[in-house]
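User: Could you go through this structure with me, starting with the pockets and then moving to one of the helices?

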Amino acid sequence: VEEGCNFIESMESDFGIPPRQEHYACAIDLYGRAGHLKKATALVETMPFEPDAMVLKTLLGACRFCGDIELASQIAKILLELEPEEHCTYVILSEMYGRFKMWGEKASVTRMMRERGVKKVPGWSWIEVKNNVHAFNAEDHSHPQCEEIYILLQHLKEGIKLFDNFVDQFR
C-alpha cells in the first residue's frame, strides 16, 4: 500500500505527470482492498477534480470490501444519477443490503432495476493457453472441453480442502 501511494505521489513531483482519474482509481482500489476505507475516501475528497463514475465505482467497491453500507448507499445514490443504466451499482448495493439483512432496501433496488429496465450482465473471464484465448462465464458449458475442465476444477477444490484441513491441524 505504501509503495503504491508513493507511486501516485511521485508521478507529478518526480516525473512531471499529473495523476488522472484512473490513477486515483487505482490508489482508491489499493486502499480499499487493504481495508483503509477512510484513506480511500480522503483521497477522493482531495482530488484536484470532481470524481468521475469510474472513481466512484471504485470507491463503492471499497465500501463493499470494507462493509460500509452507509457510505455505499451515499455513493450509489450519486452513481445512479450519473449512470442510471449501469447494472454494477444496483448489483453491488443489492448484495450489500442482503448481507446486512436490509430486505426492504434490497427489494427497493431490485424494483428500481426492473422499473428502469436494467438487466444484470454476466461477467466474462478470459484465459490464454498456447496462444488460444478462451472466454467463459460462471457455470458456462459451451467450451468443447467443458467436462474435463469441471473435473479438473473439482480435483482442485478437493485439494484445497485437504490443504486447509492440514493447515488447520497446526493452528
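Analyst: What follows covers the pockets and then a helix, and the model is a predicted one.

User: What volume does the largest pocket have?

Analyst: The largest pocket has a volume of about 350 Å³, and of the 15 residues that line it, I127, H134, F136, H143 and I149 are the closest to its centre.

User: Which elements supply at least two residues of that lining?

Analyst: Strand 1 (124-129), strand 2 (132-137) and helix 8 (146-168) each do so, and by class the lining of the largest pocket comprises 9 nonpolar, 4 polar and 2 charged residues.

User: And the second largest pocket, which elements give two or more residues to its lining?

Analyst: Those are helix 3 (37-46), helix 4 (53-66) and helix 5 (69-82), with helix 5 giving the most, 4 residues. The volume of the second largest pocket is about 160 Å³, and its lining has 7 nonpolar, 2 polar and 1 charged residues.

User: Switching to helix 2, which of its residues are buried?

Analyst: Q21, Y24, A25, A27, I28, Y31 and G32 are the buried residues of helix 2. Viewed down the helix axis, these buried residues fall within an arc of 165 degrees, so they line one face of helix 2.

User: What do they pack against, and what sits on the face turned away?

Analyst: The buried residues of helix 2 pack against helix 1 (2-15), helix 3 and helix 4, whereas the face turned away from the buried side carries the exposed residues C26 and R33.

User: What follows helix 2?

Analyst: Helix 2 is followed by G35, which has a positive phi, near 85 degrees.

Definitions and conventions:
Residues are numbered from 1 along each chain as its sequence is written. This is a predicted model: local features need pLDDT of at least 70, side-chain atom pairs count only at pLDDT 80 or more; totals for chains, interfaces and linings use all residues. Side-chain values use heavy atoms; hydrogens and water are left out. On a 1 Å grid over the protein atoms alone, a cavity is a set of points where a 1.4 Å probe fits but cannot get out, and a pocket is an open set with protein on both sides within 12 Å along at least five of seven lines; lining residues have an atom within 4 Å of a point. Grid points are joined across faces, edges and corners, and a volume is the space filled by probe spheres set on the points. Ala, Val, Leu, Ile, Met, Phe, Trp, Tyr, Cys and Pro count as nonpolar, Asp, Glu, Lys and Arg as charged, and the others, Gly among them, as polar. Buried means under 20% relative accessible area, exposed over 50%, partly exposed in between (1.4 Å probe, protein chains only). The arc is that of the directions from the helix axis to the C-beta atoms. Contact means heavy atoms within 4.5 Å.
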